[in-house]
Amino acid sequence: MSNPQNGLQANGLSTHHITPQARFGYIPGLDGLRAIAVLLVLIAHVGWSHIIPGGFGVTVFFFISGFLITRLLLAESEKKGGIGLKAFYIRRFLRLLPALYLMLIITWGFMAATGKSPQPGEIFGAFTYTMNYHYAYLGIHEGTRSAPWEHLWSLAVEEHFYLIFPLMLLFVKKNWKKAFKIGLGVCAVVLSWRLFTHHGLGAPHEYTYATTDSRLDSIMYGCLLSLGLHVWPNHMTWKKLIGFAPLAIATAIMLFTFLYRDFAFRETFRYSLQGIGLFVMVLNLMFWKPL
């Protein structure tokens, strides 16, 4: 009987730090990626957004969230025979909601003290994880007027993902190949939707940038990496995507998305190309050992 470990090594996947198949446990390298994403966002928000791609930092967070949540759900399903949906939602609730509400109450108090209390729509959006759609509403009806807590748009997208994605995994009944195909379909549909909303409906930047239906693929590309590795841990495809040449191509694609400033491209294809680039880059981060 062949040793699966040897098969993994032969196809360019080192299992020294992480296995392709979903497992519980710490993943080296992702903390550094998170740190870079945080720096991009922070630097952009202090006035350097015209130079530093702060929005890309959010895209990186989306990708990591998709990868990690998928890996954990797959590991739970394989180890325990299924996904505990109730327990998953409770964990998400305890991890996010208390800290969010505390922040909202404190900042609301500061705003009230300075006579700048948020509008009812802004309050509703912040407390119900719908700030991304309120942000889009402002872009459609009031131009570029900013709103308190508008940065919560990304948290809303992630929360919507947490609500929907486990249900999709339950729907496929452990047919992870089917889940992978559905994920590919989601990425294609979301790109098509962005093209339609931008070119057909004339949706503003706030809509294509922040709404769940327009940005879900940024998370789904991370899900696809986790699903793909779990389903095909020994597949030769991974060897073709690991190494200097594929990493250089992925880096060039990423640089192109930063430098090409065409507005229509940035509202539509940019997020898809960045998702593909991150797919290859994170794969290499985990499995390429150049030395």
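**Exercise 1. Charges and surface**

Find how far apart the mean positions of the positive and negative charges of the chain lie.

*Solution.* Start with the counts: the chain carries 24 positive and 13 negative charges. Take the mean position of each group; these two points are 14 Å apart. Keep in mind that this is a predicted model. Next, turn to the surface. The chain exposes about 14,700 Å². Carbon and sulfur atoms supply 69% of that area.

**Exercise 2. Overall build**

Work out whether the radius of gyration of the chain agrees or disagrees with that of a compact globule.

*Solution.* Begin with the length, 291 residues. A compact globule of that length would have a radius of gyration near 19 Å. The chain has 20 Å, so the two agree. Now add the extents. Along its principal axes, the C-alpha trace spans about 70 × 45 × 35 Å. Then check the burial: 47% of the 291 residues count as buried. Last, look at contacts between residues at least 6 apart in sequence. Of these, 75% join residues at least 24 apart.

**Exercise 3. Secondary structure**

State how many helices and how many strands the chain has.

*Solution.* Count the helices: there are 14. Count the strands: there are zero. Read from the N terminus, each element in the run is therefore an α, from start to end.

**Exercise 4. Two helices**

For α3 and α14, compare the reach with the expected span, then judge the burial.

*Solution.* Take α3 first. Helix α3 covers residues 54–80, which makes 27 residues. From first C-alpha to last, α3 reaches 39 Å, close to the 39 Å expected at 1.5 Å a residue. Of its 27 residues, 20 are buried, and α3 is mostly covered. Just after α3 comes glycine 81, with a positive phi of about 85°.

Now take α14, residues 269–287. Helix α14 has 19 residues and reaches 27 Å, close to the expected 27 Å. Buried residues number 14 of the 19, so α14 is largely enclosed by the rest of the structure.

**Exercise 5. One residue**

Decide whether alanine 210 is buried or exposed, and list its contacts beyond four places in sequence.

*Solution.* Locate the residue: alanine 210 is in helix α9, residues 205–210. Read its relative accessibility, 0%. Buried means under 20%, so alanine 210 counts as buried. Set aside its neighbours within four places in sequence. Alanine 210 is then in contact with Asn132, Tyr135, Trp153, Val157 and Arg215. Finally, take a distance. Glycine 82 is 128 residues away along the chain, and its C-alpha is separated from that of alanine 210 by 32 Å.

Methods. Residues numbered from 1 in each chain as written. Predicted model: local features only at pLDDT ≥ 70, side-chain atom pairs only at ≥ 80, totals over all residues. Heavy atoms only, no water. Helix = DSSP H or I, 4+ residues; strand = E, 2+ residues; numbered from the N terminus. Rg over C-alpha atoms; globule rule 2.2 N^0.38 Å. Buried < 20%, exposed > 50% of the residue type's maximum accessible area, 1.4 Å probe, protein only. Contact = heavy atoms within 4.5 Å. Areas by Shrake-Rupley, 256 points an atom, 1.4 Å probe, with all protein chains shown as cover. Lys, Arg positive; Asp, Glu negative; His and termini not counted. Charge placed at Lys NZ, Arg CZ, Asp CG, Glu CD. Expected span 1.5 Å × (residues − 1).
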